[in-house]
Number of protein chains: 2
Amino acid sequence: MSCEDEAAEMLRRAGHKITPQRVLILRALRHAGGHISASQIAEQVRAAYPVVDVSTVYRTLDVLKRMRLVTATDMGQGDVVFEWAPATPHHHLICSSCGHVAELEHHYFDRLADQLAADFSFAADLHHFAIFGLCRGCQIEADA
Amino acid sequence: MSCEDEAAEMLRRAGHKITPQRVLILRALRHAGGHISASQIAEQVRAAYPVVDVSTVYRTLDVLKRMRLVTATDMGQGDVVFEWAPATPHHHLICSSCGHVAELEHHYFDRLADQLAADFSFAADLHHFAIFGLCRGCQIEADA
DNA sequence: GTTGGTGCAAATGATTTGCAAAAGG
DNA sequence: CCTTTTGCAAATCATTTGCACCAAC
């Protein structure tokens, strides 16, 4: 069973209907293999299915977010990027100066998650963080 | 010298001009003692100075952000909240379900900051983070 | 059938921008 | 003076919403 089929099955079990639009949205998310915006999803879906409105994409993404099948992250580009809930959660180091994006493995957050759970009983959603700062190159420039 | 005066002095040294609007924006940020949105700042400034446009507030905030005198954080309310660069940096635990906001001391991020510097030479801006998740109460509800 | 889902069009709301006038240094 | 800053109005642009119609189940 493909990943989209699994997702469709989950939707069905949660009492949601399976529509061609939703299947294609799931496929776009899966196929993106990374960040993708709502309008990009709409674009991709339209390639296979002529008419899909962005509002439908947003509504579907809302459902998927609530089911934790996708993550939403503001990378500071004005829009929000979505991502298929990654099998291996990760994060991003974004340089405020040059915009360079580096990936950060999830284990850097393990301890924080544990502490938040222990100290506050807070179940943090630490699955896709955008961390802003200065990359090595831009720090050197800033010092100059 | 008051805190706003210091800020004004920094602006001057950085080659920016001191205008009544900017002084009042600085005062609003300082006086807020916490999160404040661009339109709230505009509102407060107008109380003392009749005409100030939101665009001016945004433009000033841009300057202040670049000088690291204020932090900007998306707390998930549709707008961005600004805060006087806090003497004691802190973070927020925001419940995705009930919206409750708790404060988190900065030391929870000390280790992460060190690791990012050591492993990636990345100077992370970990001064005002919004962490989403479920608070204790909403976890119990979710389990029920 | 009933309920939820969709497209469309219009609204919302924060943020940005062009421009001519005003003010800081 | 010369440059930056401002107010105003208009433009952007992502996201949301009302509504009538359609499609899953």
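Let's start at DNA strand D: 20 residues sit around this strand, and Tyr58(A), Lys17(B), Arg22(B), Val51(B) and Thr56(B) come nearest. Keep in mind as you look around that this is a predicted model.

What do those residues meet on DNA strand D, sugar and phosphate or bases? Take the atoms of DNA strand D within 4 Å of the protein: 73% of them belong to sugar or phosphate, and the rest belong to bases. You can pick out examples of both kinds. On the base side, an N or O atom in the side chain of Lys17(B) lies 2.7 Å from a base oxygen of DNA strand D. On the phosphate side, a polar backbone atom of Asp53(B) is 3.3 Å from a phosphate oxygen of that strand. Chain A joins in too, with a polar backbone atom of Ile18(A) 3.4 Å from a phosphate oxygen of DNA strand D. Three elements give two or more residues to the surface near DNA strand D: H4 of chain A, plus helix H2 (20–32) and H4 of chain B. Sort that surface by class and you get five nonpolar, seven polar and eight charged residues.

Now swing over to DNA strand C. Here 19 residues surround the strand, and the closest are Lys17(A), Thr19(A), Val51(A), Thr56(A) and Tyr58(B). Of the DNA strand C atoms within 4 Å of the protein, 71% belong to sugar or phosphate, with the rest in bases. Lys17(A) has an N or O atom in its side chain 2.4 Å from a base oxygen of DNA strand C. Thr19(A) goes for the backbone of the DNA instead: an N or O atom in its side chain is 2.7 Å from a phosphate oxygen of DNA strand C. From chain B, a backbone N or O atom of Val80(B) lies 3.2 Å from a phosphate oxygen of the strand. The surface near DNA strand C draws at least two residues from each of helix H2 (20–32) and helix H4 (54–66) of chain A, and from helix H4 (54–66) of chain B. By class, its residues divide into five nonpolar, seven polar and seven charged.

Next, step back and look at chain A as a whole. Its secondary structure comes to six helices and seven strands. Reading from the N terminus, the elements go α-α-β-α-α-β-β-β-β-α-β-β-α. Its C-alpha atoms fill a box of roughly 55 × 40 × 25 Å along the principal axes.

Chain A has an open sheet of three strands, in the order E1-E3-E2, with antiparallel pairing. Strand E1 (36–37) and strand E2 (70–74) of chain A are at the edges and have a single partner strand each, so one side of each is left without a neighbour in the sheet. E1(A) is joined to strand E3 (residues 80–84) of chain A by two bridges, and the two run antiparallel. To find the spot, look for Ile36(A), which stands opposite Phe82(A) in E3(A).

Another sheet crosses from one chain to the other. This open sheet has four strands in the order E6(A)-E7(B)-E4(B)-E5(B), and the pairing is mixed. Strand E6 (123–124) of chain A and E5 of chain B take the edges with a single partner strand each, so one side of each is left without a neighbour in the sheet. E6(A) pairs with E7(B) in the antiparallel sense over two bridges, and Ala124(A) stands opposite Gly133(B) there. Strand E7 (residues 130–134) of chain A also reaches across, pairing with E6(B) in the antiparallel sense over two bridges. In that pairing, Leu134(A) stands opposite Ala123(B).

That brings us to the contact between the chains, which takes 30 residues from chain B and 30 residues from chain A. The area buried between them is about 2,500 Å², and carbon and sulfur atoms give 65% of it. How many salt bridges and polar contacts cross over? The rule finds zero salt bridges across the interface, while 10 residue pairs are in polar contact. On the side of chain B that touches chain A, H5(B) gives the most, with six residues. The residues on that side divide into 19 nonpolar, four polar and seven charged.

Technical notes
Residues numbered from 1 in each chain as written. Chains lettered and ligands numbered in written order. Predicted model: local features only at pLDDT ≥ 70, side-chain atom pairs only at ≥ 80, totals over all residues. Heavy atoms only, no water. Contact = heavy atoms within 4.5 Å. Buried area = accessible area lost by both parts, 1.4 Å probe. Salt bridge = Lys/Arg side-chain N within 4 Å of Asp/Glu carboxyl O. Polar contact = N/O pair within 3.5 Å; in protein donor to acceptor, adjacent residues only side chain to side chain. Nonpolar A, V, L, I, M, F, W, Y, C, P; charged D, E, K, R; others polar. Pairing = 2+ DSSP bridges. Near = heavy atom within 4 Å.
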